[in-house]
Amino acid sequence: MGFFSKLFNKSGDETAKSGGMEDYMTLIRVYFQAVLASRLGINNLAMLPDLRTYKQTFHVPTLHNKLGLGEMASVKKTMKSLYKVDDNFFDEIDASIKKNCKKMQDVQPYLYQFQGFTQDLMMLIGNLMKFKLRVPGFFKKAIYTMTEKTVNDIYDKNDFSDAGVIKAVVAVRQYNQRLRFSRKWTTDFVYQIVTLAKKEPKPAEQAESK
């Protein structure tokens, strides 16, 4: 797992690259957990495993005796550096959590909803974009435009023929009625994963490197 795995990797294997797809998703989870900790006053790190690992690994200090504040700032800095993420991306996460998580009992249902949203969304992207995902990674503008069109189709089109696609489209729309992420946020999120996935070594390449 990129820069996280290197810190715990005892074999000296340096093949993993920092800033990969798994790192991106881990940082997203850490940011969510940091916002939740800050908003709801959570101090028990056992409840927030990704935040705990991040905090302990990178020795992030606790600001103003409040868990989450320092970690939010640290993750923002890291993601801006690695992925060129803008402030609006984080602002939408903050707003979504503020709307949906008023008390501790809201946390697990919310995180499950986000997990379901991202899983169904990425399944749809893989299904609907298909051959378009083969476009070389350096055609960044074209990939973003195709991703944006696919996201719009997920929210606007009602004439899909595949039953699995229809079910996932309905689920994504229902999840996002609660989560309230904009189409731009969704496009930016998916685009990062698509472009990072293109940089991941293929199974054959991994086998050859061993």
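Modeller: One definition before we dig in: a residue is buried when its relative accessible area is under 20%, exposed when it is over 50%, and partly exposed in between. Also keep in mind that we're looking at a predicted model.

Colleague: Fair enough. How many helices and how many strands does the protein chain have?

Modeller: Going from the N terminus, the elements run α-α-α-α-α-α-α-α-α-α. The tally for the protein chain is therefore 10 helices and 0 strands, counting DSSP runs.

Colleague: And what share of the residues of the protein chain counts as buried?

Modeller: Buried means under 20% relative accessible area, so that's the cut-off to apply here. With 210 residues in the protein chain, the share that passes comes to 41%.

Colleague: Let's pick a helix. How does the reach of helix 2 from its first C-alpha to its last sit against the expected span?

Modeller: Helix 2 covers residues 21–40, which is 20 residues. The expected span is 1.5 Å times one less than the number of residues, and for helix 2 that gives 28 Å. The model is close to that, reaching 29 Å.

Colleague: Is helix 2 enclosed or open, and how many of its residues are buried?

Modeller: Helix 2 is largely enclosed by the rest of the structure. What follows helix 2 is Gly 41, with a positive phi near 70°. As for the burial count behind that enclosure, it's 15 of the 20 residues.

Colleague: On to the aromatics. How many aromatic pairs does the structure hold, and what type do Tyr 144 and Tyr 191 form?

Modeller: The structure holds 16 aromatic pairs. For Tyr 144 and Tyr 191, the rings are 5.2 Å centre to centre, with 70° between the planes. Planes over 60 degrees apart fall in one class, so this pair is edge-to-face.

Colleague: How far apart in sequence are the parts that the Tyr 144 and Tyr 191 pair ties together?

Modeller: Tyr 144 sits in helix 7 and Tyr 191 in helix 9. So the pair bridges two helices, and the separation is 47 residues.

Colleague: Which of Tyr 144 and Tyr 191 is buried, and which is partly exposed?

Modeller: Put the relative accessible areas next to the 20% cut-off. Tyr 144 has 23%, so that one is partly exposed. Tyr 191 has 15%, which makes the buried one Tyr 191.

Colleague: What about Phe 181 and Trp 185: how do their rings pair?

Modeller: Phe 181 and Trp 185 have ring centres 3.9 Å apart and planes at 15°. Both residues are buried, Phe 181 at 4% relative accessibility and Trp 185 at 2%. Ring pairs also place Phe 181 and Trp 185 in a cluster that includes Tyr 24, Phe 89 and Phe 189. Planes under 30 degrees apart give the class, so the Phe 181 and Trp 185 pair is stacked.

Colleague: Now charges. How many salt bridges are there, by the N to O rule?

Modeller: Side chains of opposite charge can pair when their charged atoms come close. The rule asks for a side-chain nitrogen of Lys or Arg within 4 Å of a carboxyl oxygen of Asp or Glu. Asp 159 and Lys 157 pass, with their closest N and O atoms 3.8 Å apart. The full count is 8 salt bridges.

Colleague: Why are Lys 149 and Asp 153 about one helical turn apart, and in which helix?

Modeller: Their side chains meet in a salt bridge, N to O, at 3.0 Å. An α-helix has 3.6 residues a turn, so residues three or four places apart point the same way. Lys 149 and Asp 153 are 4 residues apart, hence the single turn, and they lie in helix 7.

Colleague: And Arg 183 with Asp 156: which helices does that pair link?

Modeller: The side chains of Arg 183 and Asp 156 form a salt bridge at 2.8 Å, N to O. The two residues are 27 residues apart, and the pair links distant parts of the chain, helix 9 and helix 7.

Colleague: Last one, the second largest pocket: which helix gives the largest share of its lining?

Modeller: The volume of the second largest pocket is about 360 Å³. Among its 17 lining residues, those closest to the centre are Arg 29, Gln 33, Asp 50, Leu 111 and Gln 115. By class, the lining has 10 nonpolar, 5 polar and 2 charged residues. The largest share, 8 residues, comes from helix 6.

Terms used: Residues are numbered from 1 along each chain as its sequence is written. This is a predicted model: local features need pLDDT of at least 70, side-chain atom pairs count only at pLDDT 80 or more; totals for chains, interfaces and linings use all residues. Side-chain values use heavy atoms; hydrogens and water are left out. Buried means under 20% relative accessible area, exposed over 50%, partly exposed in between (1.4 Å probe, protein chains only). Rings of Phe, Tyr and Trp (its six-membered ring) pair if their centres lie within 6.5 Å; planes under 30 degrees apart count as stacked, over 60 as edge-to-face and the rest as tilted. On a 1 Å grid over the protein atoms alone, a cavity is a set of points where a 1.4 Å probe fits but cannot get out, and a pocket is an open set with protein on both sides within 12 Å along at least five of seven lines; lining residues have an atom within 4 Å of a point. Grid points are joined across faces, edges and corners, and a volume is the space filled by probe spheres set on the points. Ala, Val, Leu, Ile, Met, Phe, Trp, Tyr, Cys and Pro count as nonpolar, Asp, Glu, Lys and Arg as charged, and the others, Gly among them, as polar.
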